[in-house]
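Open the model in your viewer and colour it by chain. The stops below go from one chain to the other, with a selection to make at each.

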Amino acid sequence: MDPGEVGQLVTSAASGDATAWQALAERFSGLVWSVTRAFRLGNADAADVFQTTWLRLAENIGRIEQPDRVGAWLATAARRECLQCLRMAGRAVPTDDIDQLEGPPARDNPTEEAILRAEKEQEDAERAVALWRAVSRLPARCHQLIRVLMASPPPSYAEVAAALGLPVGSIGPTRARCLQTLRELLVASGITGSSSLS
Amino acid sequence: MPEEHDDELAEELRRLAARLDPVPPELLTAAAGAFAWRDIDAELAELVFDSLLDVDEATQVRGSPERRLVSFTGGGVTLDIEVTTTGPARTIMGQIVPPQRGAVDVRRQQETVTTIEADELGRFRSGPLPPGPLSLRLRPAEGTPVVTDWLAL
């Protein structure tokens with residue numbers, strides 16, 4: 001979906017078109033969900049942030065200044081809700097450190113058993129477990145960036161930048177650096193090479 | 001080329017997340033259903049202060065999670081809300097500025113709307129509320145209704 005189509009959906013939804021809204025919900029729910037997981041929110045908090053973000057868009061749909069960039073608007077809104085949620089949970093740190101926040105992995109994120117069940121082949125399962133574990137072990141900033149990048153459909157760099165509060169020009173280099181860090185974590189866990197699926 | 005490897009790894013990660021941690025179906029439904037909450041007859045009062053994220057100018061102290069101060073401004077009014085957390089419940093105490101009587105609808109996503117009356121000084125308070133998204137709609141004695149931006153309580 002190109003930005004022009006996205007902008008048109010926003011304009012139509014602002015005029016009351018529920019079908020256009022449905023298309024926006026389908027297009028960007030993956031992004032909003034990924035932002036909640038990037039900040040390591042558990043299921044209940046992630047659900048609250050997710051729903052609040054979509055309710056806010058519904059109320060603001062007629063006031064979006066750049067309709068074709070509504071993805072970035074949603075990412076920014078989700079980010080704000082996540083930061084509020086983390087503060088409410090008492091993970092209190094000074095503002096300038098808030099992006100370095102790294103809570104413990106949420107108890108209800110997928111377990112290794114679930115991953116093993118989901119994968120058909122043992123090799124794939126081992127790699128999947130190692131990959132998922134490596135992502136969770138990334139330092140806070142890299143974890144946030146990589147987890148947002150894992151959204152479906154893939155987000156634009158502008159949307160990633162909005163989710164992280166970073167300049168859009170830094171996303172490319174940071175992505176490269178964080179993927180390299182991830183590879184090093186994989187090697188350290190004994191998994192080498194690329195996926196057998198590629 | 002390093003860039004190709006990055007793209008392959010990124011795609012593998014994306015597929016992994018889609019299998020292991022997709023958007024829960026009930027939340028996809030909730031996102032679609034959010035549209036029904038839009039109030040086209042009301043002015044929007046936006047969040048202009050949140051003690052969780054901002055520092056109070058008077059005290060230079062950031063609020064605590066247990067006592068959160070938020071302010072919404074729009075449609076010619078400001079709503080100052082104090083959110084008190086006691087265990088799983090939240091209570092809100094509000095002040096309409098300029099002070100005026102009015103009905104305050106408490107909008108929660110899963111529940112029917114309940115209404116609190118603001119007194120002649122524009123003060124209102126709720127009973128215990130569960131956590132989750134919240135928006136207030138002020139129906140003043142005169143003038144246009146005002147809805148606040150949604151907030152996760």
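Helices here are DSSP runs of H or I with at least four residues, strands are runs of E with at least two, and both are numbered from the N terminus. On that basis chain B has two helices and ten strands. The model is a predicted one, with ipTM 0.91 and pTM 0.90.

**Stop 1: chain A, whole**

Select chain A and show it as a cartoon. Its secondary structure amounts to nine helices and zero strands. Of the 198 residues in chain A, 42% are buried. Among its contacts between residues at least 6 apart in sequence, 68% join residues at least 24 apart.

Now colour chain A by domain: domain 1 covers 3–100 and domain 2 covers 112–188. Where the two meet, 16 residues of domain 1 of chain A are in contact with 17 residues of domain 2 of chain A. On the domain 1 side, H2 and helix H4 (70–88) of chain A each supply at least two of the residues that touch domain 2 of chain A.

**Stop 2: helix H2 of chain A**

Select residues 18–38 of chain A, which form helix H2. Does the end-to-end distance of H2 agree or disagree with its 21 residues? The expected span is 1.5 Å times one less than the number of residues. For H2 of chain A that comes to 30 Å, and the end C-alpha atoms are 29 Å apart, so the two agree.

Centre the view on A:Phe28. H2(A) has a kink of about 45° centred on this residue.

Follow the chain past the end of the helix to A:Arg40, just after H2(A). A:Arg40 lies in the loop between H2 and H3 of chain A. The phi of A:Arg40 is positive, about 60°, although the residue is not a glycine. Is A:Arg40 buried or exposed? A residue is buried if 20 or more other C-beta atoms lie within 10 Å of its own. A:Arg40 has 23 such C-beta neighbours and therefore counts as buried.

**Stop 3: a cis bond in chain A**

Select A:Ser152 and A:Pro153 and show the backbone as sticks. The peptide bond joining A:Ser152 and A:Pro153 is cis, with omega about -10°. A:Pro153 sits in the loop between H7 and helix H8 (157–164) of chain A.

**Stop 4: where chain A touches chain B**

Display both chains and select the residues of each that are in contact with the other. There are 45 such residues in chain A and 38 in chain B. On the chain A side, seven helices each supply at least two residues, among them H2, helix H5 (112–118), helix H6 (122–136) and helix H9 (171–188). Which helix gives the most to this side of chain A? H3(A) does, with eleven residues; select 43–60 of chain A to see this helix.

**Stop 5: chain B, whole**

Hide chain A and colour chain B by pLDDT. The mean pLDDT of chain B is 91, and 92% of its residues reach 70 or more. Going from the N terminus, the elements of chain B run α-α-β-β-β-β-β-β-β-β-β-β.

Chain B has a radius of gyration of 20 Å, whereas a compact globule of 153 residues would have one near 15 Å. Its C-alpha atoms fill a box of roughly 70 × 40 × 30 Å along the principal axes. To look at the two parts of chain B, colour domain 1 (2–32) and domain 2 (41–152) separately. The centres of domain 1 of chain B and domain 2 of chain B, taken over C-alpha atoms, are 36 Å apart. Buried residues account for 29% of the 153 residues in chain B.

**Stop 6: B:Val70**

Select B:Val70, which belongs to strand E2 (residues 67–74) of chain B. This residue counts as buried because it has 24 C-beta neighbours inside 10 Å. Leaving out residues up to four places away in sequence, B:Val70 touches B:Leu47, B:Phe49, B:Asp50, B:Ile81, B:Val83 and B:Leu151. For a distance check, pick the C-alpha atoms of B:Val70 and B:Ser126: the two residues are 56 apart in sequence and 15 Å apart in space.

**Stop 7: a cis bond in chain B**

Finish at B:Val97 and B:Pro98, where the peptide bond is cis and omega is near -5°. B:Pro98 is in the loop between strand E4 (89–97) and strand E5 (102–108) of chain B.

Conventions
Residues are numbered from 1 along each chain as its sequence is written. Chains are lettered from A and ligands numbered from 1 in the order in which they are written. This is a predicted model: local features need pLDDT of at least 70, side-chain atom pairs count only at pLDDT 80 or more; totals for chains, interfaces and linings use all residues. The bend at a residue is the angle between axes fitted to the seven residues ending there and the seven starting there. pLDDT is the predictor's confidence in each residue, from 0 to 100. The radius of gyration is taken over C-alpha atoms; the globule rule is 2.2 Å times the number of residues to the power 0.38. A residue is buried if 20 or more other C-beta atoms lie within 10 Å of its own, exposed if 12 or fewer, and partly exposed in between; C-beta atoms are placed from the backbone. Domain bounds come from an automatic or database domain assignment. Two residues are in contact if their C-beta atoms, placed from the backbone, lie within 7 Å.
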